[in-house]
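Here is a friendly tour of one protein chain, meant to be read with the model open beside you. Take your time and look up each residue as it comes along.

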Amino acid sequence: MAIKVGDRVPDGNLTEMIDTERPGCTIGPNSFSVSDITKGKKIAVFGLPGAFTPTCSARHVPSYVQNFDKLRAKGVDEIWCVAVNDAFVMGAWGKEHNSGDNVVMLGDGSAEFTKAIGLELDRVKEGMGIRSQRYSMIVDNGVVTALNVEKPGEYAVSSAEAMLAAL
């Protein structure tokens, strides 16, 4: 069953590739508890089928990178990109898009978080395994306050522009 507005995001771990050591983070993949990193923050989360895929690379990630300042002005503390890829791939993809510290590129390598929120997508026949549906949501202090799930093959309601219009 898919997560819905009013639900608390399930706990689980997402990984981020860290290139510069900082307090609590070592260089390399770091695992973070979703319940810990959502506390006290308003987060724009967008999920997509996979790193380096056509629509995700050409439109979805760029929409959030380009609209970082506008989302922050609307009260968003952080922007997360979540995909069923490992932290190494997500880190490389973030570098390609100059996401810097503006869009946190989080890997859900085994699709555990994606399955927990009920937004997995079976792409086994296409040779891609289990992936994520394309979606966006606002998570405010761990609770989903907005959720937009795309119909298969579409890209509209999960864009940063759509999120800005809804905020």
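Let us begin with a sorting rule for residues: Ala, Val, Leu, Ile, Met, Phe, Trp, Tyr, Cys and Pro count as nonpolar, Asp, Glu, Lys and Arg count as charged, and the others, Gly among them, count as polar. Keep in mind as well that this is a predicted model.

## Two pockets

With that rule in hand, look at the second largest pocket, whose volume is about 260 Å³. How do the residues of its lining divide into nonpolar, polar and charged? There are four nonpolar, three polar and five charged residues in the lining of the second largest pocket. You can check this yourself, because Arg and Glu count as charged and Pro as nonpolar under the rule. The residues to sort are Pro49, Thr55, Leu121, Arg123, Gln133, Arg134, Glu150, Lys151, Pro152, Gly153, Glu154 and Tyr155.

The largest pocket has a volume of about 420 Å³. It is lined by 18 residues, and Glu16, Met17, Asp19, Gly100 and Asp101 are the closest to its centre. Sorted by type, the lining of the largest pocket has eight nonpolar, five polar and five charged residues. Which elements each supply at least two residues of this lining? They are β1 (13-18), α4 (87-96) and β5 (103-107). Helix α4 gives the largest share, with six residues.

## The nonpolar cores

Now turn to the residues that are packed away from the surface. The largest nonpolar core has 22 residues, and Ile79, Cys81 and Trp93 touch the most other members. Several elements each supply at least two residues of this core: β3, α2 (54-66), α3 (68-73), β4, α4, β5 and α6 (160-166). Among these, α2 gives the most, with four residues.

Which residues does Ile79 touch, not counting those up to four places away in sequence? They are Ala44, Phe46, Tyr64, Phe68, Leu71, Asn102, Val103 and Val104. Apart from the largest core lies another, made of 21 residues that include Leu14, Cys25, Ile37 and Ile117.

## Salt bridges

Next come the charged pairs. Side chains of opposite charge can pair when their charged atoms come close. How many salt bridges does the structure hold? It holds four, and the table shows some of them.

| Acidic residue | Basic residue | Closest N and O atoms |
|---|---|---|
| Asp7 | Lys4 | 3.3 Å |
| Asp36 | Lys39 | 3.7 Å |
| Glu78 | Lys41 | 2.9 Å |

The pair of Glu78 and Lys41 has the closest N and O atoms 2.9 Å apart. This pair links distant parts of the chain, with the two positions 37 residues apart: Glu78 is in strand β4 (78-83), while Lys41 is in the loop between α1 (34-37) and β3 (42-48). Glu78 counts as partly exposed because its relative accessible area is 21%, and Lys41 is partly exposed too, at 25%.

What about the other two pairs in the table? Asp7 is partly exposed because its relative accessibility is 22%, and Lys4 is partly exposed at 42%. Asp36 is partly exposed at 48%, whereas Lys39 is exposed, with a relative accessible area of 56%. The split between Asp36 and Lys39 makes sense because exposed means over 50%.

## Loops with something to notice

Finally, visit some of the loops. Most residues other than glycine have a negative phi. Phe52, however, has a phi near 65 degrees, a positive value in a residue other than glycine. Phe52 sits in the loop between β3 and α2, and it is partly exposed, with a relative accessible area of 43%.

Ala111 also has a positive phi, near 65 degrees. Its place is in the loop between β5 and α5. Is Ala111 buried or exposed? Ala111 is buried, because its relative accessibility is 2% and buried means under 20%.

Ser110 is found in the loop between β5 and α5 (112-116). At 52% relative accessibility, Ser110 counts as exposed. Try finding Asp86 as well: Ser110 and Asp86 are 24 residues apart along the chain, and their C-alpha atoms are separated by 8.2 Å.

Note on methods:
Residues are numbered from 1 along each chain as its sequence is written. This is a predicted model: local features need pLDDT of at least 70, side-chain atom pairs count only at pLDDT 80 or more; totals for chains, interfaces and linings use all residues. Side-chain values use heavy atoms; hydrogens and water are left out. A salt bridge is a side-chain nitrogen of Lys or Arg within 4 Å of a carboxyl oxygen of Asp or Glu. Buried means under 20% relative accessible area, exposed over 50%, partly exposed in between (1.4 Å probe, protein chains only). On a 1 Å grid over the protein atoms alone, a cavity is a set of points where a 1.4 Å probe fits but cannot get out, and a pocket is an open set with protein on both sides within 12 Å along at least five of seven lines; lining residues have an atom within 4 Å of a point. Grid points are joined across faces, edges and corners, and a volume is the space filled by probe spheres set on the points. A nonpolar core is a set of buried Ala, Val, Leu, Ile, Met, Phe, Trp, Tyr and Cys residues joined through side-chain atoms within 4.5 Å. Contact means heavy atoms within 4.5 Å.
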